[in-house]
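Work through the exercises below with the structure open. Try each task before reading its solution.

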Amino acid sequence: MALDQTNEIVGFANGGPNRGNDATEGELYALYLLKSHQGQGTGKRLFDHVLENLRRKGFPSCMVSVLADNPSRHFYERFGGRLVSEQSIERGGKQLSEWTYRITLDSVSHA
């Protein structure tokens, strides 16, 4: 979790084994940060914490799924995320495009 100066929660991240078909890879389950705290390095620190935890557990890579129209997906590209799949998912009765990135943990670029 990330806290501000008043100890209010402004973001969180978590990850673990890939919930898909390949449990030999790690997965970032969630990374949320209040818009008012974006662009200050807090998201990077949260992400780094999850990646380091996955590294310690022996995972060679981390999978991250994000909606294709989410501008935050560029955050993962800056860390060397490579698009490995696209799929259509349904949320709220709408068809959306979801992209999955793979980030190799031993070569993460700390942009």
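**Exercise 1. Decide whether strand 4 is enclosed or open, and say why.**

Solution. This is a predicted model.
Step 1: Count the buried residues. In strand 4, 5 of the 7 residues are buried.
Step 2: Conclude. Strand 4 is largely enclosed by the rest of the structure, because 5 of its 7 residues are buried.

**Exercise 2. Find the strands joined to strand 4 and give the direction of each pairing.**

Solution.
Step 1: Take strand 3. It runs parallel to strand 4, and 2 bridges join them. Look at Gly26: its bridge partner in strand 4 is Cys62.
Step 2: Take strand 6, residues 94-104. Here the pairing with strand 4 is antiparallel, with 7 bridges. Look at Ser65: its bridge partner in strand 6 is Thr100.
Step 3: Add the helix. Strand 3, helix 1 and strand 4 form a β-α-β unit, and the unit is right-handed.

**Exercise 3. Classify Ser61 as buried or exposed, then list what surrounds this residue.**

Solution.
Step 1: Place the residue. Ser61 belongs to strand 4.
Step 2: Apply the cut-off. Buried means under 20% relative accessible area. Ser61 has 4%, so it is buried.
Step 3: List the contacts, leaving aside neighbours within four places in sequence. Ser61 is in contact with Glu25, Gly26, Arg102, Ile103, Thr104 and Leu105.
Step 4: Look for a polar contact. The side chains of Ser61 and Glu25 make one, at 2.6 Å.

**Exercise 4. Describe the largest nonpolar core and the elements that supply it.**

Solution.
Step 1: Give its size. The largest nonpolar core has 19 residues. Leu28, Leu31, Phe47, Cys62 and Tyr76 have the most contacts inside it.
Step 2: Name the suppliers. At least two residues of this core come from each of strand 2 (9-17), strand 3 (26-33), helix 1 (42-56), strand 4 (61-67) and helix 2 (73-78).
Step 3: Find the largest share. Helix 1 gives it, with 5 residues.
Step 4: Zoom in on Phe47. Not counting residues up to four places away in sequence, Phe47 touches Leu28, Leu31, Phe75, Tyr76, Phe79 and Ile103.

**Exercise 5. Where does His74 lie, and what is its relative accessible area?**

Solution.
Step 1: Locate the residue. His74 is part of helix 2.
Step 2: Read the exposure. Partly exposed falls between under 20% and over 50%. The relative accessible area of His74 is 39%, so this residue is partly exposed.
Step 3: Compare sequence and space. His74 and Lys44 are 30 residues apart in sequence. Their C-alpha to C-alpha distance is 12 Å.

Definitions and conventions: Residues are numbered from 1 along each chain as its sequence is written. This is a predicted model: local features need pLDDT of at least 70, side-chain atom pairs count only at pLDDT 80 or more; totals for chains, interfaces and linings use all residues. Side-chain values use heavy atoms; hydrogens and water are left out. A nonpolar core is a set of buried Ala, Val, Leu, Ile, Met, Phe, Trp, Tyr and Cys residues joined through side-chain atoms within 4.5 Å. Buried means under 20% relative accessible area, exposed over 50%, partly exposed in between (1.4 Å probe, protein chains only). Helices (H or I, at least four residues) and strands (E, at least two) are DSSP runs, numbered from the N terminus. Contact means heavy atoms within 4.5 Å. Two strands pair if DSSP finds at least two bridges between them. A crossover is right-handed if, with the strands pointing away from the viewer, the path from the first strand over the helix to the second runs clockwise. A polar contact is a pair of N or O atoms within 3.5 Å; within protein, one must be able to donate a hydrogen and the other to accept it, and residues adjacent in sequence count only if both atoms are side-chain atoms.
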